[in-house]
Amino acid sequence: MKGLVPLVLVLLGLCFYEANALVCPSLVFESYTFITGPSLALRLQLESYNAPKEAVEAKMEVKKCIDDISFVKKKYIEEVMVSAQSDSKE
């Protein structure tokens, strides 16, 4: 069973490598909020999806770690996200 997941991922990569789609705007906004936004904004956004409390709390725990990343590194992550998003529009 452990080998099944990597096999499926490899098959998806081989079969759909030319797939071209736009990133969901909601996902982009959540990602930016997760990386650079305040914790309260992220919590409110996650709760608006009616996510289970356990899932919200788990993401907030990870957000605490993200908040410890330096400003310079966060800006680098943002640049990568913008680049990936612009690549998907072409």
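Helices in this text are DSSP runs of H or I with at least four residues, numbered from the N terminus. The structure is a predicted model.

**Exercise 1. The turn after helix 3**

Task: Determine what is notable about the phi angle of asparagine 50, and where the residue is placed.

Solution.
Step 1. Asparagine 50 follows just after helix 3, and its phi is positive, at about 60 degrees.
Step 2. Most residues other than glycine have a negative phi. Asparagine 50 is a residue other than glycine with a positive value.
Step 3. The residue belongs to the loop between helix 3 and helix 4.
Step 4. With a relative accessible area of 69%, asparagine 50 lies over the 50% cut-off and is therefore exposed.

**Exercise 2. The overall frame**

Task: State how many helices and strands the protein chain has, and what share of its residues is buried.

Solution.
Step 1. The protein chain has 5 helices and 0 strands, and the order from the N terminus is α-α-α-α-α.
Step 2. The chain has 90 residues, of which 20% count as buried.
Step 3. For contacts between residues at least 6 apart in sequence, 56% join residues at least 24 apart.

**Exercise 3. The two faces of helix 3**

Task: Identify which residues of helix 3 are buried, and explain why they are assigned to the same side.

Solution.
Step 1. Helix 3 spans residues 39-48, and its buried residues are Leu42, Gln45 and Leu46.
Step 2. These residues cover an arc of only 95 degrees around the axis, so they lie on the same side of helix 3.
Step 3. The general geometry agrees: an α-helix has 3.6 residues a turn, so residues three or four places apart point the same way.
Step 4. The face turned away from the buried side carries the exposed residues Leu40, Leu44 and Ser48.
Step 5. The cover over the buried residues includes helix 2 (25-36) and helix 4 (53-67).

**Exercise 4. Glutamine 45**

Task: Decide whether glutamine 45 is buried or exposed, and list what it touches beyond its sequence neighbours.

Solution.
Step 1. Glutamine 45 is part of helix 3.
Step 2. Its relative accessible area is 10%; the cut-off for burial is under 20%, so glutamine 45 is buried.
Step 3. When residues up to four places away in sequence are not counted, glutamine 45 touches Ser26, Phe29, Glu30 and Thr33.
Step 4. These four residues also appear on the helix 2 side of its contact with helix 3.

**Exercise 5. Helix 2 against helix 3**

Task: Classify the relative orientation of helix 2 and helix 3, and describe their contact.

Solution.
Step 1. The two axes come within 9 Å and cross at roughly 150 degrees.
Step 2. Angles over 145 degrees count as roughly antiparallel, so helix 2 is roughly antiparallel to helix 3.
Step 3. Helix 2 passes helix 3 in a left-handed crossing.
Step 4. Helix 2 contributes Ser26, Phe29, Glu30, Thr33 and Phe34, which meet Ala41, Leu42, Gln45 and Leu46 of helix 3.
Step 5. Sorted by class, this contact has 5 nonpolar, 3 polar and 1 charged residues.

**Exercise 6. Helix 3 against helix 4**

Task: Carry out the corresponding analysis for helix 3 and helix 4.

Solution.
Step 1. The axes of helix 3 and helix 4 come within 11 Å, and they cross at roughly 155 degrees.
Step 2. Helix 3 is therefore roughly antiparallel to helix 4.
Step 3. The crossing of helix 3 past helix 4 is right-handed.
Step 4. Ser39, Leu42, Arg43 and Leu46 of helix 3 make the contact with Val56, Glu57, Lys59, Met60, Lys63 and Asp67 of helix 4.
Step 5. The classes in the contact of helix 3 with helix 4 are 4 nonpolar, 1 polar and 5 charged residues.

**Exercise 7. Helix 2 against helix 4**

Task: Establish how helix 2 and helix 4 are oriented to each other.

Solution.
Step 1. The axes of helix 2 and helix 4 come within 8 Å and cross at roughly 55 degrees.
Step 2. The two helices are therefore oblique to each other.
Step 3. Their contact involves Glu30, Thr33, Phe34 and Ile35 of helix 2 and Lys59, Val62, Lys63 and Ile66 of helix 4.
Step 4. The residues of this contact divide into 4 nonpolar, 1 polar and 3 charged.

Conventions:
Residues are numbered from 1 along each chain as its sequence is written. This is a predicted model: local features need pLDDT of at least 70, side-chain atom pairs count only at pLDDT 80 or more; totals for chains, interfaces and linings use all residues. Side-chain values use heavy atoms; hydrogens and water are left out. Buried means under 20% relative accessible area, exposed over 50%, partly exposed in between (1.4 Å probe, protein chains only). The arc is that of the directions from the helix axis to the C-beta atoms. Contact means heavy atoms within 4.5 Å. Axes are lines fitted to C-alpha atoms, for helices over the stretch in contact, and angles run from 0 to 180 degrees between N-to-C directions. Angles under 35 degrees count as roughly parallel, over 145 as roughly antiparallel, 65 to 115 as roughly perpendicular and the rest as oblique. A crossing is left-handed if the near helix is turned anticlockwise from the far one by less than a right angle, and right-handed if clockwise. Ala, Val, Leu, Ile, Met, Phe, Trp, Tyr, Cys and Pro count as nonpolar, Asp, Glu, Lys and Arg as charged, and the others, Gly among them, as polar.
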